[in-house]
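Me: I am new to this structure and would like a close look at one part of it, the largest pocket, together with the parts of the chain around it. Could you take me through it slowly, in connected prose?

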Amino acid sequence: EMAAAIARTTGALVTVVHVVTPPEIELELMPRVFEKMRAIAADLVDHQADLGRRFGAEVDTRVVEGRQPERVILAMAAEEGYDLIVMGSNLRPVSSRAFLGHRVEDVLRNAPCAVAVLST
């Protein structure tokens, strides 16, 4: 919603991305399980895209694979010239400081653009 509100006022395109992490082990059932994971991810990005469009933003969706979602996001941002990455996270108390999670902190440290982190 935040990305859509910003995009609406700036005329930017929002790309809703969900990175699906493939299973670590290959079992006979894994291809079906992974396809189910991809289908759920597609439903999630479609839902978020619908919300963004209701805010008046132009929205694109992507479901991509990767073992390290943060690295996939960083690569996409660099390759496609993103201006802003908007991520959600939950604050966790760790040694007297706010901790957003390793993936979010990796994106914050290495992003080629501005990053906004929304926390509940």
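Reply: What follows begins with the chain as a whole, turns to the pocket, and then takes up the strands, helices and cores around it.

The model is a predicted one, and that should be kept in mind throughout. The protein chain holds four helices and six strands, and when these are read along the sequence they follow the pattern α-β-α-β-α-β-β-β-α-β. Taken along the principal axes, the C-alpha atoms fill a box of roughly 50 × 40 × 30 Å. Of the 120 residues in the chain, 31% are buried. If one looks at contacts between residues at least 6 apart in sequence, 64% of them join residues at least 24 apart.

Now to the pocket itself. The largest pocket encloses about 1,200 Å³ of space. It is lined by 37 residues, and the closest to its centre are T15, V16, V17, V86 and M87. Several elements give two or more residues to this lining, namely the helices α1 (2–10), α2 (30–54), α3 (69–80) and α4 (102–110), along with the strands β1 (13–20) and β3 (84–89). The largest share, seven residues, comes from β1. In terms of chemical character, the lining divides into 25 nonpolar residues, eight polar ones and four charged ones.

Strand β1 is a good place to start, and V16 can stand for it, being a residue of that strand and one of those closest to the pocket centre. V16 counts as buried because its relative accessibility is 16%, which is under the 20% cut-off for that term. Leaving aside neighbours within four places in sequence, V16 is in contact with V45, Q48, A49, V59, D60, T61 and R62. T61 shows how the chain returns to this place, since it is 45 residues from V16 along the chain while the two C-alpha atoms are separated by 4.8 Å.

Strand β3 also gives residues to the lining, and its two faces can be told apart: I85, M87 and S89 form the covered face, whereas L84, V86 and G88 form the uncovered one. M87 on the covered face and V86 on the uncovered face are both among the residues closest to the pocket centre. Beside β3 runs β6 (residues 114–119), parallel to it and joined to it by six bridges, with I85 standing opposite V115 of β6. S89, another residue of β3, is buried because its relative accessible area is 10%. Apart from neighbours within four places in sequence, S89 is in contact with L100, V104, V117, L118, S119 and T120.

One of those partners, V104, leads to helix α4, whose buried residues are V104, E105, D106 and V107. These buried residues pack against α3, β3, β5 (97–99) and β6. E105 deserves a separate word: it is placed in α4, and it counts as buried because its relative accessibility is 13%. Beyond its neighbours within four places in sequence, E105 is in contact with R97, A98, F99 and L100.

The last step is to see how nonpolar residues gather. In soluble globular proteins, nonpolar side chains tend to be buried together. Here the largest nonpolar core has 13 residues, and those with the most contacts inside it are A77, Y82, I85, M87, V107, A111 and C113. Helices α3 and α4 and strand β3 each supply at least two residues of this core, and α3 gives the largest share, four residues. Another core, of eight residues, lies apart from it, and A7, V14, A49 and V59 are among its members. A49 and V59 have already appeared as contacts of V16. Returning to the largest core, C113 touches A77, Y82, D83, L84 and I85, not counting residues up to four places away in sequence.

To draw the picture together, M87 is a residue where several of these threads meet: it is on the covered face of β3, it is among the residues closest to the centre of the largest pocket, and it is among those with the most contacts inside the largest nonpolar core.

Note on methods
Residues are numbered from 1 along each chain as its sequence is written. This is a predicted model: local features need pLDDT of at least 70, side-chain atom pairs count only at pLDDT 80 or more; totals for chains, interfaces and linings use all residues. Side-chain values use heavy atoms; hydrogens and water are left out. On a 1 Å grid over the protein atoms alone, a cavity is a set of points where a 1.4 Å probe fits but cannot get out, and a pocket is an open set with protein on both sides within 12 Å along at least five of seven lines; lining residues have an atom within 4 Å of a point. Grid points are joined across faces, edges and corners, and a volume is the space filled by probe spheres set on the points. Ala, Val, Leu, Ile, Met, Phe, Trp, Tyr, Cys and Pro count as nonpolar, Asp, Glu, Lys and Arg as charged, and the others, Gly among them, as polar. Buried means under 20% relative accessible area, exposed over 50%, partly exposed in between (1.4 Å probe, protein chains only). Contact means heavy atoms within 4.5 Å. Two strands pair if DSSP finds at least two bridges between them. A nonpolar core is a set of buried Ala, Val, Leu, Ile, Met, Phe, Trp, Tyr and Cys residues joined through side-chain atoms within 4.5 Å.
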